[in-house]
Amino acid sequence: MKQPVALMALLLFMVQPSAVNAVPMTNDPKGFQNIAWGSALQSRPDLEVTYEGPHVAEYQFKNTAPAFAEIPVTSVKLSTIEKQFARVTVRYQGETTHQQIMRYMEQRFGPLERIPGQMMRGLNQQYNWRGSESEINLTYQASTERGFIFLESRTLAPRFIDVIESSAE
């Protein structure tokens, strides 16, 4: 079961745009769905564990279809590092869903900078919003119509890489 977490960390490391390309976030969520970064998730009755390792645990919401901003998605996983809530990973499928998510992201977190010559449509699209406490990375693969959103704590999320490097979790 160590492979899913390692694979997600590798994917994040490979697709994470540089901070230079980040758009300043106009409305930092400082967590997800009223769950603040750093919170303990293990005692929340609305969540169930989907993976638990020595340093990392993943949760999903119980008894609800996965959704992001009321948009149906493939999955929503909440991750902790050493029992502190640090990241949300959202997976979605389809161009229509991608367009709905992009509209929401720009309305909630700030418009993307439209630079002349910048490719806003292509095989691999990457977008990044950076706030004081949160960072959002969205990657969309047009060829497979698959999207990934990483909404994470700027202070806690880097610890995933440290743990994976030192323990191969």
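**Strand S11 and an aromatic cluster**

Hi everyone, let's start with a helix: H2, residues 95-109, lies across strands S1, S9 (84-93), S10, S11 and S12 (146-153), and relative to S11 it runs at about 155°. Please keep in mind that this is a predicted model.

Now the sheet under discussion. What is the order of the eight strands in the open sheet? Reading across, we get S1-S10-S11-S12-S9-S8-S5-S4, with mixed pairing. At the edges stand S1 (23-24) and S4 (47-52); each has a single partner strand, so one side of each is left without a neighbour in the sheet.

I'd like to zoom in on S11, which covers residues 134-141. On one flank there is S10, residues 124-130, joined to S11 by seven bridges, and the two run antiparallel. If you want to find the register on your screen, Asn 124 stands opposite Gln 141, and Tyr 127 has Leu 138 as its bridge partner. S10 and S11 form a hairpin, with three residues between them.

On the other flank, eight bridges join S11 to S12, and this pair is antiparallel too. Here we have another hairpin, with four residues between the strands, and Glu 145 in the turn has a positive phi of about 55°.

So much for the neighbours; what about burial? How many of the eight residues of S11 are buried? The count is eight of eight, so to speak a strand that is mostly covered. The side chains alternate in direction: Ser 134, Ile 136, Leu 138 and Tyr 140 point one way, while Glu 135, Asn 137, Thr 139 and Gln 141 point the other way, and all are buried.

Let me pick out one residue from that list, Ser 134. Its place is in S11, and its bridge partner in S12 is Ser 153. Is Ser 134 buried or exposed? Its relative accessible area is 0%, and therefore Ser 134 counts as buried. Which side chain makes a polar contact with the side chain of Ser 134? That would be Asp 28, at 2.6 Å. Leaving aside neighbours within four places in sequence, the residues in contact with Ser 134 include Met 25, Pro 29, Lys 30, Trp 37, Trp 129, Leu 151 and Arg 154, and Asp 28 is on that list as well.

For the last part, let's turn to the aromatics. Searching the whole structure gives five aromatic pairs. In one of them, Phe 68 and Tyr 104 have ring centres 5.6 Å apart and planes at 85°, so this pair is edge-to-face. Phe 68 lies in strand S6 (residues 67-68) and Tyr 104 belongs to helix H2, so the pair ties together parts that are 36 residues apart in sequence. The two partners sit differently with respect to solvent-accessible area: Phe 68 is buried at 4% relative accessible area, whereas Tyr 104 is partly exposed at 23%.

Tyr 104 has a further ring pair, with Phe 109: the centres are 6.1 Å apart and the planes stand at 90°, so this one is edge-to-face. Phe 109 is buried, with a relative accessible area of 2%. Which residues form one aromatic cluster? They are Phe 32, Phe 68, Tyr 104 and Phe 109.

To bring us back to the beginning: Tyr 104 lies in H2, and H2 is the helix that lies across S11 and other strands of the sheet. Thanks for listening!

Key: Residues are numbered from 1 along each chain as its sequence is written. This is a predicted model: local features need pLDDT of at least 70, side-chain atom pairs count only at pLDDT 80 or more; totals for chains, interfaces and linings use all residues. Side-chain values use heavy atoms; hydrogens and water are left out. Buried means under 20% relative accessible area, exposed over 50%, partly exposed in between (1.4 Å probe, protein chains only). A polar contact is a pair of N or O atoms within 3.5 Å; within protein, one must be able to donate a hydrogen and the other to accept it, and residues adjacent in sequence count only if both atoms are side-chain atoms. Contact means heavy atoms within 4.5 Å. Two strands pair if DSSP finds at least two bridges between them. Axes are lines fitted to C-alpha atoms, for helices over the stretch in contact, and angles run from 0 to 180 degrees between N-to-C directions. Rings of Phe, Tyr and Trp (its six-membered ring) pair if their centres lie within 6.5 Å; planes under 30 degrees apart count as stacked, over 60 as edge-to-face and the rest as tilted.
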